[in-house]
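The exercises below are to be worked with the sequence and the model side by side. Each task is followed by a solution that proceeds step by step.

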Amino acid sequence: MAESPISNKVREMRFHSGEMTQQELAEKVGVTRQTIVAIEKQRYSPSLELAFRIARAFACGVEDVFQFENDSDMTNGGTK
Amino acid sequence: MSYQEAKSLLMTSSSAVILGTYLWVVFNRLEGLPSGPLPDTDTLLRFWAAATLVFIPVSVVARIVIMILFAIIYRMVTGQDLPTFEDERDKLIELKSTRVSQAIFVLVFVLSMVPVVTGYTVTVMFLTLLLGGFFAELVGEIGRISMYRRGV
């Protein structure tokens with residue numbers, strides 16, 4: 001499976017939100033705990049809607065939680 | 001092992017058992033036909049069509065019973081609540097594994113015509129379809145487990 005260019009700080013954000021559990025976050029955003037585990041391990045890139053829900057759960061913006069790491073591809077793709 | 005992985009393994013093994021039992025019963029009946037185990041093509045077609053029509057509801061009911069028993073046993077053994085809904089990741093994995101299964105089954109369907117063209121009986125065609133259907137499901141379930149473990 002190819003590594004996703006999208007990384008995230010979900011684990012870190014949970015820690016800073018009073019050590020919120022994976023189950024609590026899953027219930028807040030309406031997914032299973034396994035999906036939160038997969039997102040934290042970067043084995044699954046959530047949909048835009050779920051990314052917004054997660055960001056809202058931490059009361060911050062999407063880019064505070066998710067980062068697109070492959071900036072060079074973005075630049076090349078944008079100029080071609 | 002997660003609930004979804006255990007469910008996939010159970011689906012595959014129960015399919016193997018159901019298909020094996022079904023084929024055993026069908027071949028016993030085929031040998032017991034009044035015209036012998038090698039009847040004419042029309043009789044064979046009617047036999048396999050009837051056998052397939054019976055197989056579908058029987059396998060559906062058997063699977064439902066197995067899934068209910070599995071849910072009860074899984075809860076007793078692990079003490080975990082079963083997932084009450086499928087989220088976007090589950091649906092994506094379901095979609096991808098179904099697509100793999102369907103692609104393989106389409107190939108099997110085309111391949112099942114080869115025995116008929118090359119002079120084998122329709123029994124070989126139906127066997128190819130049934131075993132190919134099982135193979136398609138097996139690959140789909142392996143893909144599903146792989147996606148749950150390694151990522152989508």
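**Exercise 1.** Which residues make up the largest nonpolar core?

Solution. Before starting, note that this is a predicted model, in which local features need pLDDT of at least 70 and side-chain atom pairs count only at pLDDT 80 or more, while totals for chains, interfaces and linings use all residues. Residues are numbered from 1 along each chain as its sequence is written, and chains are lettered from A, with ligands numbered from 1, in the order in which they are written.

Step one is to fix the terms: a nonpolar core is a set of buried Ala, Val, Leu, Ile, Met, Phe, Trp, Tyr and Cys residues joined through C-beta atoms within 7 Å. A residue is buried if 20 or more other C-beta atoms lie within 10 Å of its own, exposed if 12 or fewer, and partly exposed in between, with C-beta atoms placed from the backbone.

Step two is the list itself, which has 12 residues: Val10(A), Leu25(A), Val29(A), Val31(A), Ile36(A), Ala38(A), Ile39(A), Tyr44(A), Ile54(A), Ala57(A), Val65(A) and Phe66(A). Helices H2 (22-29), H3 (33-40) and H4 (48-57) of chain A each supply at least two residues of this core, and H3(A) gives the most, with three residues. Helices (H or I, at least four residues) and strands (E, at least two) are DSSP runs, numbered from the N terminus.

Step three takes one member, Val10(A): leaving aside residues up to four places away in sequence, Val10(A) touches Ile39(A), Glu40(A), Ile54(A) and Val65(A), where contact requires C-beta atoms, placed from the backbone, within 7 Å.

**Exercise 2.** Describe the surroundings of H3(A).

Solution. Begin with the buried residues of H3(A), which are Gln34(A), Thr35(A), Ile36(A), Ala38(A) and Ile39(A). Their cover includes strand E1 (6-8), helix H1 (10-16) and H2 of chain A, together with helix H3 (88-111) of chain B. Finally, H3(A) is followed by Gln42(A), which has a positive phi, near 60 degrees.

**Exercise 3.** How do H2(B) and H5(B) pack?

Solution. First, locate the pair: helix H2 (residues 41-78) and helix H5 (residues 122-150) of chain B pack at an angle of about 25 degrees, their axes being 9 Å apart. Axes are lines fitted to C-alpha atoms, for helices over the stretch in contact, and angles run from 0 to 180 degrees between N-to-C directions. H2(B) is therefore roughly parallel to H5(B), the class for angles under 35 degrees.

Next, identify the residues that meet: Thr41(B), Leu44(B), Leu45(B) and Trp48(B) on H2(B) face Val122(B), Thr123(B) and Phe126(B) on H5(B). By class, the contact has five nonpolar, two polar and no charged residues, with Ala, Val, Leu, Ile, Met, Phe, Trp, Tyr, Cys and Pro counted as nonpolar, Asp, Glu, Lys and Arg as charged, and the others, Gly among them, as polar.

**Exercise 4.** Set out the make-up of each chain, and then state how the chains meet.

Solution. Chain A comes to six helices and two strands, in the order β-α-α-α-α-α-β-α, and buried residues make up 22% of its 80 residues. Chain B has five helices and zero strands, and of its 152 residues 14% count as buried.

As for the interface, eight residues of chain B are in contact with 10 residues of chain A; the chain B side has two nonpolar, two polar and four charged residues. The predictor gives the complex an ipTM of 0.79 and a pTM of 0.82.

Technical notes
Contact = placed C-beta atoms within 7 Å. Parallel < 35°, antiparallel > 145°, perpendicular 65-115°, else oblique.
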